[in-house]
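Colleague: Please take me slowly through one part of this model, beginning with a charged side chain that sits over an aromatic ring and following the contacts from there. I would like the residues placed in their helices, strands and loops as you go.

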Amino acid sequence: MKITDYIKRANGETLFSFEIVPPIKGKSIQELYKNIDPLMEFKPPFIDVTTSREEYIYKEKDGLLDKKLTRTRPGTLGICASLKHKYNVDTVPHVLCGGFTKEETEYLLVDCQYLEIENVMALRGDARKEEKYFTPTEGGHQYATELVKQIQDINEGNYLHDTIESTDLSSFCIGVAGYPEKHMEAPSLQSDLKRLKQKVDLGADYVVTQMFFDNQKFFDFVKAAREMGIDVPIIPGIKPIAVKRHLQLLPQVFSIDLPQDLIDAVEACNNNKEVRQVGVEWAIQQSKELREAGVPVLHYYSMGKSDNVKAIAKEIF
């Protein structure tokens with residue numbers, strides 16, 4: 001079922017969902033199952049599965065360093081199919097511009113249709129680690145708007161090199177990212193919202209936000225989006241702080257602000273076990289307020305661990 005249909009069917013009730021990261025290649029999927037199992041009692045209608053782009057690694061060969069391009073976490077579509085079969089839950093693969101040509105994207109979407117995966121998350125993706133700014137893959141898309149258009153074109157039977165007339169076309173429900181504190185590369189929040197409006201106009205069906213720790217930023221973002229004519233569901237993304245170094249890492253990587261009360265509470269912790277509890281309590285308060293405000297879904301970034309997300313969900317759902 002489409003994400004938008006789940007939201008309609010919930011009739012105003014807030015749903016629970018979460019995002020997982022594929023294991024590093026060579027690792028068993030069993031560890032992933034162990035982290036998902038405890039969360040299934042909260043009946044998530046869908047689970048997001050991230051996609052990692054390619055990156056360079058260096059291997060020593062004949063005394064020299066040989067530069068190779070590789071993916072450390074492949075298998076997004078395989079994991080989606082596995083979870084769909086094991087848990088009878090809808091899965092949402094992330095589809096990226098970075099690291100993929102338009103042809104590779106088309107093949108991925110064809111495979112999604114074969115697997116009866118109806119929802120996809122269309123993202124530009126990050127720059128490679130060695131790049132300061134995002135560089136599009138040769139033959140790929142530069143912006144998520146272009147990716148959304150390609151997906152919507154396929155929904156209409158318009159492929160890259162041919163047009164197909166059929167009564168069995170795909171009908172992907174397209175999710176896109178929103179940034180309550182603006183994308184780090186956007187010159188302003190207003191210009192970032194204009195880009196989001198473009199994605200919706202091209203066919204995006206719902207928005208999932210980047211993590212934030214001040215609910216007022218989310219409420220202001222939704223208000224500004226509605227005023228711009230963005231009328232699709234906007235789902236807040238929540239990440240509980242788990243280790244003390246998140247105080248430096250999260251603002252640096254995601255260009256977000258942390259409330260001073262949260263910073264003070266984390267800095268007062270003696271170890272990361274205490275930090276994890278602070279993160280849980282903060283996310284519980286965030287989630288309660290967001291649910292009372294009527295958000296359609298509370299979407300948690302689990303990052304491969306489920307104990308803190310379970311502790312939060314037990315207080316909310």
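Modeller: In this predicted model, the charged end of Arg71 sits over the ring of Phe100, at 4.2 Å from the centre of that ring. Phe100 is a useful residue to start from, since Phe100 is among the residues that Thr137 contacts once neighbours within four places in sequence are left aside, and Phe100 is also one of the residues closest to the centre of the second largest pocket.

Let me take Thr137 next. Thr137 is found in the loop between strand 6 (residues 119-123) and helix 5 (144-155), and because buried means under 20% relative accessible area, Thr137 with its 19% counts as buried. Beyond its sequence neighbours, Thr137 is in contact with Arg53 and Glu54, and with the run of Cys97, Gly98, Gly99, Phe100 and Thr101. Within that run, Gly99 has its backbone nitrogen 2.7 Å from a polar atom of the Thr137 side chain, while Cys97, which is 40 residues from Thr137 along the chain, has its C-alpha atom 7.5 Å from that of Thr137.

The loop that holds Thr137 is also the place of Glu131. Glu131 counts as buried at 19% relative accessibility, and the side chain of Glu131 makes a polar contact, at 3.5 Å, with the side chain of Thr135.

Returning to Phe100 leads to the pocket. The second largest pocket has a volume of about 220 Å³, and of the 13 residues that line that pocket, Thr51, Gly75, Thr76, Phe100 and Leu108 are the closest to its centre. Helix 3 (76-87) and strand 5 (90-96) each supply at least two residues of the lining, and helix 3 gives the most, with three residues.

A second charge over a ring can be set beside that of Arg71: Lys86 lies over the face of Tyr33, at 4.7 Å from the ring centre.

For the wider setting, it helps to turn to the pairs of rings. A pair of aromatic rings is described by the distance of the centres and the angle of the planes. A search of the whole structure finds seven aromatic pairs. In one of them, Phe16 and Phe42 have ring centres 5.6 Å apart and planes at 65°, so the pair is edge-to-face, given that planes over 60 degrees apart count as such. This pair joins distant parts of the chain, with Phe16 in strand 1 (15-20) and Phe42, 26 residues away, in the loop between helix 2 (30-36) and strand 2 (46-49). Both partners are buried, Phe16 with a relative accessible area of 1% and Phe42 at 11%.

Phe16 has another partner in Phe317, and because their planes stand at 65°, with the ring centres 5.4 Å apart, this pair is edge-to-face as well. Here the link spans 301 residues, from Phe16 in strand 1 to Phe317 in the segment after helix 11 (307-316). Phe317 is partly exposed, with a relative accessible area of 31%. Taken together, ring pairs link Phe16, Phe18, Phe42, Tyr300 and Phe317 into a cluster.

Conventions: Residues are numbered from 1 along each chain as its sequence is written. This is a predicted model: local features need pLDDT of at least 70, side-chain atom pairs count only at pLDDT 80 or more; totals for chains, interfaces and linings use all residues. Side-chain values use heavy atoms; hydrogens and water are left out. Rings of Phe, Tyr and Trp (its six-membered ring) pair if their centres lie within 6.5 Å; planes under 30 degrees apart count as stacked, over 60 as edge-to-face and the rest as tilted. Helices (H or I, at least four residues) and strands (E, at least two) are DSSP runs, numbered from the N terminus. Buried means under 20% relative accessible area, exposed over 50%, partly exposed in between (1.4 Å probe, protein chains only). A charge sits over a ring if NZ of Lys or CZ of Arg is within 6 Å of the ring centre and within 35 degrees of the ring normal. Contact means heavy atoms within 4.5 Å. A polar contact is a pair of N or O atoms within 3.5 Å; within protein, one must be able to donate a hydrogen and the other to accept it, and residues adjacent in sequence count only if both atoms are side-chain atoms. On a 1 Å grid over the protein atoms alone, a cavity is a set of points where a 1.4 Å probe fits but cannot get out, and a pocket is an open set with protein on both sides within 12 Å along at least five of seven lines; lining residues have an atom within 4 Å of a point. Grid points are joined across faces, edges and corners, and a volume is the space filled by probe spheres set on the points.
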